[in-house]
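Me: I am new to this structure. Please walk me through how to read it, one feature at a time.

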Amino acid sequence: MENLYIAATISSPEVRFDAAQQSLEMTGESYPENTAEFYLPIIRVLQEAVREPDLPFTLSLEIIYANSSSSKVLMDMLDMLDEAAAEGKTVNVNWYYNADNENAKEVGEEFQEDIESLSFHLLTKESDGS
Amino acid sequence: MIKDLSQFREKLKQEHIYINFAGPLSQSLMEDVVGIVRRRMTLEGENTATVMNVFAIAVEQVQNMIHYSAEMIPDDEKNAEFRFGLLVVGREDERYVVCSGNLIRQPEIAALRERLTKLGDMNKDSLKQYYKEQRKKTPDLKAKGAGLGLIEIARKSSRPLEFDFQPVDDDSRSFFSLKAII
């Protein structure tokens, strides 16, 4: 697998995928004009990752705001990872939010409610020392 | 024109309008205009949750218009470069209001009215459930996501959404307006 880097814009998050670490991070806001187009390379990364049941995978999300289209894609991504986790893959998802941002916390909690197998962690930004 | 503009400005002030935009819409225009509203509200000391709710609703309304407005240039679904709509953000009775308006084709009215009426009958919990159900569904490729957007707008509002369909010169279309109160 190849690394992936997408710089942030006002309406789309920074995306970093480290293939060696099997770690995907998304930071920022998500309300791009064309959601499907923006998320395509990210979905590709996940499709490849779920084909490797023995490699642990980490998804770190620090999404300040996501529009409804983005929220749907994020749910799809979590579903893919959740299915892989149900089949034995080790998957950790870290949802970071700022303590002031009630909405971001709720969004994280709502994703957590729909997760069955993977390990989902809700973390304020101070929790991990940053 | 100058005198009318001054009166127009007065009217906007009296009605506590923050921004009033009518014209061709684009993603970048939306980013700037809605971004300015967000920044202004933050500078005025509004609490983060309210700022983000107003911001989110405005983004959803504009993106809905960008995808669905039946008024475009060129007037051709496949080659349209811009779609037209109205966006008004302001204050009313101690609350924020975000309104949008755009032309819509007659055959689309019934389904939209039904969807909005259904949302209006739901409370916070049912809206949350409905949102989660719809989010899990396989996308309807024609829909471009508007269904989820309306639910999101309804969830972030403090009252049921107000909406209206009004006739325009063109028999094949109506003017659809939507008001969200935060």
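Me: How many cavities of 30 Å³ or more does a search of the whole structure find?

Reply: A cavity is a set of points, on a 1 Å grid over the protein atoms alone, where a 1.4 Å probe fits but cannot get out. Grid points are joined across faces, edges and corners, and a volume is the space filled by probe spheres set on the points. Here the search finds 1 cavity of 30 Å³ or more. The largest cavity holds about 30 Å³ of space.

Me: Before we go on, what kind of model is this, and how are its parts labelled?

Reply: This is a predicted model: local features need pLDDT of at least 70, side-chain atom pairs count only at pLDDT 80 or more, and totals for chains, interfaces and linings use all residues. Residues are numbered from 1 along each chain as its sequence is written, chains are lettered from A and ligands numbered from 1 in the order in which they are written, and side-chain values use heavy atoms, with hydrogens and water left out.

Me: Which residues line the largest cavity?

Reply: Lining residues have an atom within 4 Å of a point. In this case they are B:F21, B:L25, B:L29, B:M30, B:V33, B:V34, B:V62 and B:L87. Two elements of chain B, β1 (17-25) and α2 (27-43), each supply at least two of the lining residues. The most come from α2(B), with 4 residues.

Me: How does that lining divide into nonpolar, polar and charged?

Reply: Ala, Val, Leu, Ile, Met, Phe, Trp, Tyr, Cys and Pro count as nonpolar; Asp, Glu, Lys and Arg count as charged; the others, Gly among them, count as polar. The lining of the largest cavity has 8 nonpolar residues, no polar and no charged.

Me: What volume does the second largest pocket have, and what lines it?

Reply: A pocket is an open set of points with protein on both sides within 12 Å along at least five of seven lines. The second largest pocket has a volume of about 510 Å³. Its lining has 27 residues, and A:N103, A:E106, B:N53, B:R155 and B:K156 lie nearest its centre. Elements giving two or more residues to this lining are β4 (57-66), α2 (68-86) and α3 (102-113) of chain A, with α3 (48-68), α5 and α6 (146-156) of chain B. The lining splits into 13 nonpolar, 5 polar and 9 charged residues.

Me: How many helices and strands does each chain have?

Reply: Helices (H or I, at least four residues) and strands (E, at least two) are DSSP runs, numbered from the N terminus. Chain A has 3 helices and 6 strands. Along its sequence the pattern is β-β-β-α-β-α-β-α-β. Chain B comes to 6 helices and 6 strands. Its pattern reads α-β-α-α-β-β-β-α-α-α-β-β.

Me: What radius of gyration does each chain have?

Reply: The radius of gyration is taken over C-alpha atoms, and the globule rule is 2.2 Å times the number of residues to the power 0.38. For the 130 residues of chain A, a compact globule would be near 14 Å; chain A has 14 Å, which agrees. For the 182 residues of chain B, the rule gives a value near 16 Å; chain B has 17 Å, which agrees. Along the principal axes, the C-alpha atoms of chain A fill a box of roughly 35 × 30 × 25 Å. The box for chain B is roughly 50 × 40 × 30 Å.

Me: What share of each chain is buried?

Reply: Buried means under 20% relative accessible area, exposed over 50%, and partly exposed in between (1.4 Å probe, protein chains only). Buried residues make up 50% of chain A. In chain B they make up 43%.

Me: Is B:S157 buried or exposed?

Reply: B:S157 is buried, with a relative accessible area of 4%. This residue sits in the loop between α6 and β5 (162-167) of chain B.

Me: And is B:L43, in helix α2 of chain B, buried or exposed?

Reply: B:L43 is exposed, at a relative accessible area of 61%.

Me: What span should helix α5 of chain B have?

Reply: The expected span of a helix is 1.5 Å times one less than its number of residues. The 13 residues of α5(B) (residues 124-136) should span 18 Å; the end C-alpha atoms are 19 Å apart, which agrees. Buried residues in α5(B) are B:L127, B:Y130, B:Y131, B:K132 and B:R135.
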